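Thanks for asking me to look this one over. My notes follow the picture below, as numbered points you can check while you turn the model.

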Amino acid sequence: MSYDGVVTCAMVQELRDNLISGKIEKIYQPQPEQLLLQIHTLAGKRRLFVSASGSHSATYLVDETPENPANPPLFCMVLRKHLGAARITEIQQHESDRIIEILLETIDELGFNVNRKLIIEIMGKHSNVLLIDMQTGKIIDSIKHVGIDVNRARQILPGKMYEYPPAQSKVPFDQASEEYILSLMSNQLQPERSLLDGIGGISPALAESMAASDSAFEWLENLKKSIANRNISPIVYVKDGKPADFHITPLTAYEEDESYEAVAFDTLSQAAEYFFVNRESSNTIKQKSGDLQRVVKAQLDKLKLKVQRLNEDLHKAENSDKYRLYGELLTANLHLVKPGMKNVKVTSYYDGAEIDIPLDPRFSPAKNAQNYYKKYGKFKTAIKEKQIQLEETALEIEYLESVSSFIDRAKSIEEIELLRNELTESGYLRFRKHSARNRSNKKDRPKPHSYSLPSGKTVLVGRNNKENDWLTFKKAGSSDIWLHTKDIPGSHAILFTDGQQATEEELFQAAAIAAWHSKASTSENVPVDYVKVKYVKKPSGSKPGYVIFTHNKTLYVNPSIPE
C-alpha cells in the first residue's frame, strides 16, 4: 500500500508542525467514511481530511472544504458533541503502524476538563476512525462498527474497551539494527521479500528500493533522518495520466521504468491529496462510465436486433408481387377451380408460364383471389412502415453511438453525470430525484473544451450532445465554421472566426481538434466535414446533437490538439 508506516511517520511530523495547539472549529462528514476537521491555528485555518474508505484510507491536510450533506450523519454529531472547541495537545504514531492518534483536551457537559483521543487506523478495507475516552479507555463511537459477527477477536462498538490491532512479528522500521537488516539481506534470492517480512512499516516498493541500495541499513537511516529533519521529497508516480504510487522518497521500481512520470510536491499532504483524489476520481469515472456504457450497449443491441428483424420483414414484403399475380390469375381463371381444391394450375398471360397457386379449400375461388389481393396490399403498406421504422432506428443507433463515444472520452465525473442526465431526459434511464436538481445546478451550464490556435482564434468543442446543440445554435455566429468528423461519432467543433476569413492552416488545425474529439481519435487521415454555421440546421423533433448541413467540404487530418 502507498500509505505505509514510513509515510505515516512523515505525515505525523507534518501534522504536528501545522496542528499542535490548534482548536477544532468545525467537523464535517462529507461521505459515510470520510471526515473533515476545520482547525484554527496561529498560522490560520487548517483542514484535516480523514478517510476510512477501503480504496482511499488516508489522512492529510487539504485546502478546500468538500460538499457536505444537509443532515450530518450520527458519527459527525457525536464528534461535534464531544470535540466542539477541543484543543489538539499531541499527534503521534502508534509504534510503526499506520495508526495516527490525535490527543485532544476539551470540556464536558458539566464544565470539567476531559481528554479524548481520535484514533485513525489506516488499514485498507479495515480502516476506521474512533473516538476514545482517555480516562476509561473505552470507545465513545467509531465511523465503522465492527460486531462479533464480523470479527470475533476485535469488536469496535461504543462502550467497548479499545484494543490496538494485533501486533505483527516484525521489528519496527525505526528500531531495526544494522545486524538485523544484514541478516535479512542474507537471503540473496529475495532480499526485498525478507525485508518486507521482517521490518514493520515499509511497503513492498520501499523494501525493493532498500534492497537495491548499496547498504540497506544506511539507506533506511538516511530516510529516518530526512523525516526528522523535515527534508523529505514527496513524489507521485503517474502512468498514462493515472497515479500509480507515491512516497516521501524516490522508489527504484518506478525510477527505472520510463513509462512512469515522477511528479514532485512541496508537502506530503499535497502529494497524498493528488494521489488519492486522482486515483479515486479515475476509479469513480471508470465505474460510472461502465454503468452507462452497459445501458447504452443494451439499447444498441436491442436496436440492432430490431434492424435485423425489420430487414427480414422487408425482404418478405419485397417478394409480395407474387400474391398480386395469384389474385389476378385466379380472378381470370375462376372457372378452373372446383370446390375443395387445395391448389390449381393456371397459365400466366404475362409470360405463358404454368403457375401452381395454393388455395384454401374453406373459401370460394373468388374469396381466395380476394385474400391474395389483401395480402399483397398488406405487404405493400408494411414496406412503407418498415422503411420509416428503419430510418428512425438508424437515427436512434447513430445517437446512442455518439453518446457511447462521449462516455469513452469523458474525463471527469461531471461529464459522466451530464451524460446520465441526457440519457434520462431521452428516456433511456429512469428519472432519479436528484436529476432535476442536477439539471438546475450551475455545474450543468455549458463548459465546452476550449482551444487557442497559434493565430489567436478559438475553437470550442462540445462535451455531450446537448452541449453540441448549444454550441452550434446558440453560441456560434452564422459566419463561424462548424466542423465534425465525416460519418464518425464525435463532437461539434466551432472555429470562431471573429468575422474574418479562416485561413487554410486554421481550418486544418480546427479539423485536427474535431478529429481528436471523435471515435477516430487514435486513427490517421480522418475525414472532417466543415461548413459555415449558417448552413447547419436541426430538424424539428430530432435527437440532441443531430443536424443536417449543406455546402460542406472535407479535410483529411491526423487527430491532435494544440499544446
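1. A word on terms before we begin: helices here are DSSP runs of H or I with at least four residues, and they are numbered from the N terminus. By that count, Lys224 sits in helix α6, which covers residues 216–228. Please keep in mind throughout that this is a predicted model.

2. Staying with Lys224, is this residue buried or exposed? Its relative accessibility is 18%, and buried means under 20%, so Lys224 counts as buried. The side chain of Lys224 also has a partner: a polar contact of 2.7 Å connects it with the side chain of Glu221.

3. Next, have a look at the surface, where a patch of negative charge brings together Glu178, Glu179, Asp214 and Glu218. Of these, Glu179 belongs to helix α3, residues 178–185. Glu179 has a relative accessible area of 58%, and it is therefore exposed.

4. Now to charge pairs. Side chains of opposite charge can pair when their charged atoms come close. How many salt bridges does a search of the whole structure find? The search gives 22, and the next three points pick out some examples.

5. Arg154 and Glu121 make a salt bridge in which the closest N and O atoms are 2.4 Å apart. Arg154 is in the loop between β9 (138–142) and β10 (171–172), while Glu121 is in strand β7 (residues 113–121), so this pair ties together parts 33 residues apart in sequence. Both ends are worth a click: Arg154 is buried, with 12% relative accessible area, and Glu121 is buried too, with 1%.

6. For a salt bridge with an exposed member, try Arg362 and Asp360. Their closest N and O atoms are 2.7 Å apart. Arg362 counts as exposed because its relative accessibility is 67%, and the cut-off is over 50%. Asp360, with a relative accessible area of 22%, is partly exposed.

7. Glu414 and Arg463 also meet through their side chains in a salt bridge, at 3.8 Å from N to O. This pair links distant parts of the chain, 49 residues apart: Glu414 is in helix α11 (residues 413–425), and Arg463 is in the loop between β18 (458–461) and α13 (465–475). Which residues share one network with this pair? Lys447 and Glu467 do: salt bridges with shared partners join them to Glu414 and Arg463. As for burial, Glu414 is partly exposed at 25% relative accessible area, whereas Arg463 counts as buried at 6%.

8. Two backbone angles deserve a look. Asn525 is not a glycine, yet it has a positive phi of about 55°; you will find Asn525 in the loop between α14 (504–516) and β21 (526–532). His551 is likewise not a glycine and has a positive phi, here about 60°. The loop that holds His551 runs between β23 (548–549) and β24 (553–557). With 58% relative accessibility, His551 counts as exposed.

9. Last, a distance to try with your viewer's ruler. Ala298 is part of helix α8, residues 268–318, and at 36% relative accessibility it counts as partly exposed. How far is Ala298 from Leu184 in space, C-alpha to C-alpha? The distance is 55 Å, and the two residues are 114 residues apart in sequence.

Note on methods:
Residues numbered from 1 in each chain as written. Predicted model: local features only at pLDDT ≥ 70, side-chain atom pairs only at ≥ 80, totals over all residues. Heavy atoms only, no water. Patch = residues over 30% accessible without salt bridge, like charges linked within 9 Å, V, L, I, M, F, W, Y side chains within 5 Å. Areas by Shrake-Rupley, 256 points an atom, 1.4 Å probe, with all protein chains shown as cover. Salt bridge = Lys/Arg side-chain N within 4 Å of Asp/Glu carboxyl O. Lys, Arg positive; Asp, Glu negative; His and termini not counted. Charge placed at Lys NZ, Arg CZ, Asp CG, Glu CD. Buried < 20%, exposed > 50% of the residue type's maximum accessible area, 1.4 Å probe, protein only. Polar contact = N/O pair within 3.5 Å; in protein donor to acceptor, adjacent residues only side chain to side chain.
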